[in-house]
Amino acid sequence: MIASVLPTYSRAPLQFVKGEGSWLIEADGRRFLDLGAGIAVNVLGHAHPDLVQALTDQAQKLWHVSNLYQIPQQQELADKLVAATFADTVFFTNSGTEACELAVKMARKYWYDKGQPDRTDIITFAGSFHGRSSAGIAAAGSEKMIKGFGPLLPGFVHLPWGDIEAVKDAITDTTAAILIEPVQGEGGIRPLPDADLKALRALCDETGTLLILDEVQCGMGRTGRLFAHEWAGVTPDIMMVAKGIGGGFPLGAVLATENAASGMTAGTHGSTYGGNPLACAVGSAVMNHVNDPAFLDDVNRKAGLLRQKLEGLIASHPDVFEEVRGSGLMLGLKCKCPNADMVAAGYTACVITVPAADNVIRLLPPLNITEDDIAEAIIRLDAAASTLNPKSASF
Ligand SMILES: *Cc1c(COP(=O)(O)O)cnc(C)c1O
């Protein structure tokens with residue numbers, strides 16, 4: 001008999017009942033150090049007092065109101081995002097994959113309205129992840145995600161990851177946009193070199209092609225800048241955001257320039273829940289913390305510390321780990337053993353990591369993780385790695 005919850009997830013036998021900062025408490029009382037943060041979602045850790053306050057204050061007043069009406073909490077968050085980024089305008093969604101849907105629609109509508117309705121193709125890259133909607137899986141194009149779900153949404157051109165020469169050849173008079181993650185998350189924490197992002201921007205400028213960045217995982221302070229593309233000194237035309245923006249409350253967004261958004265007039269898109277008062281009240285509180293230079297300096301400092309300690313961990317366990325890679329507090333440890341074994345060993349040592357493609361385990365801790373918790377993380381990862389390879393030296 002099928003499980004009452006549709007069995008699409010292979011879940012670990014862990015049931016968390018409470019969260020405090022960078023810690024998750026299991027039903028049996030064990031305390032787990034959370035280096036996954038709900039896959040880069042809980043940017044301020046669990047139960048941050050300001051987020052609890054923002055949510056409960058709003059919950060006392062008004063939970064839901066249709067987008068038929070003014071929503072001041074949405075306006076406030078949009079103003080903050082516009083002030084802090086390249087964007088002139090924001091549409092709120094509930095998730096990353098909904099942001100992908102709108103990004104694709106916006107790019108196609110842009111060219112339609114410009115009198116070039118055949119410019120519908122979106123160039124995407126191997127190893128990408130853009131969510132599980134029909135556009136999301138067609139965009140990523142990976143066999144694992146699309147198999148059995150045809151007919152696929154047409155109009156996606158898949159290229160090798162970061163192959164700029166291939167992009168040059170692939171841009172034609174039917175290309176609407178290029179869609180890429182500045183740092184691939186699910187693909188195994190693979191940062192796109194700054195020079196490549198600059199080259200993509202230049203190619204887009206030459207050809208009028210729109211540049212869509214998927215910062216669902218790498219955005220909201222994760223890499224030590226508010227958005228990862230800031231490191232390369234270029235801006236997109238359209239950007240997808242989700243995960244960290246709600247700090248644990250479901251929220252996503254599409255940010256765009258006025259030009260890129262020009263086709264999205266009244267009635268062309270909408271959402272029942274997107275941008276509801278609860279989500280936006282929490283999102284605003286998240287922005288107050290993350291969009292602060294001192295907070296981001298702290299992320300960079302802690303990222304340096306964690307990375308240095310991870311180098312030491314690798315040196316202690318050369319048979320378990322191959323390398324550390326990533327940006328800021330979006331780090332990946334490429335494993336020599338199966339990555340699933342390392343994640344499971346972490347569970348035994350009460351430390352949470354997240355598997356990714358390319359045999360990587362992801363470390364995506366809350367951005368406000370303390371230095372003590374970073375030190376404890378290394379102790380636990382060392383203990384976990386030692387169970388995989390008992391011969392290696394203790395850290
Ligand atoms: C998680 C993720 C998505 C999908 O977000 P959902 O909220 O799960 O729909 C899209 N793109 C990237 C880069 C992601 O990491």
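Visitor: Which residue forms a salt bridge with Glu 186?
Guide: This is a predicted model, in which local features need pLDDT of at least 70 and side-chain atom pairs count only at pLDDT 80 or more, while totals for chains, interfaces and linings use all residues. Residues are numbered from 1 along each chain as its sequence is written, and side-chain values use heavy atoms, with hydrogens and water left out. A salt bridge here is a side-chain nitrogen of Lys or Arg within 4 Å of a carboxyl oxygen of Asp or Glu. The closest N and O atoms are 2.8 Å apart, and the partner of Glu 186 is Arg 362.

Visitor: How many salt bridges are there between domain 1 and domain 2?
Guide: Domain 1 covers 49–290, and domain 2 covers 304–362 + 380–395; the bounds come from an automatic or database domain assignment. Between domain 1 and domain 2 the count is 1 salt bridge.

Visitor: Which three residues supply 50% of the area that domain 1 buries against domain 2?
Guide: Buried area is the accessible area (1.4 Å probe) that two parts lose on being put together, summed over both. Domain 1 and domain 2 bury about 1,000 Å² between them, with 61% of it on carbon and sulfur atoms. On the side of domain 1, no other three residues supply more than Glu 186, Ile 189 and Arg 222.

Visitor: Where is Ile 189 placed?
Guide: Phi of Ile 189 is near 55 degrees, a positive value in a residue other than glycine. Strands (E, at least two residues) are DSSP runs, as are helices (H or I, at least four), and both are numbered from the N terminus. Ile 189 lies in the loop between β8 and β9.

Visitor: Which residue has a side-chain N or O atom 2.7 Å from a nitrogen atom of the ligand?
Guide: The residues around the ligand (a heavy atom within 4 Å of it) include Ser 95, Phe 129, His 130, Asp 214 and Lys 243. A backbone N or O atom of Thr 97 lies 2.8 Å from an oxygen atom of the ligand, and a polar side-chain atom of Gln 217 is 2.7 Å from an oxygen atom of the ligand. The contact to a ligand nitrogen atom at 2.7 Å comes from the side chain of Asp 214.

Visitor: What is omega of the cis peptide bond that joins Gly 150 and Pro 151?
Guide: Pro 151 is found in the loop between α6 (143–146) and β6 (156–159). The bond from Gly 150 to Pro 151 is cis, with omega about -5 degrees.

Notes. A polar contact is a pair of N or O atoms within 3.5 Å; within protein, one must be able to donate a hydrogen and the other to accept it, and residues adjacent in sequence count only if both atoms are side-chain atoms.
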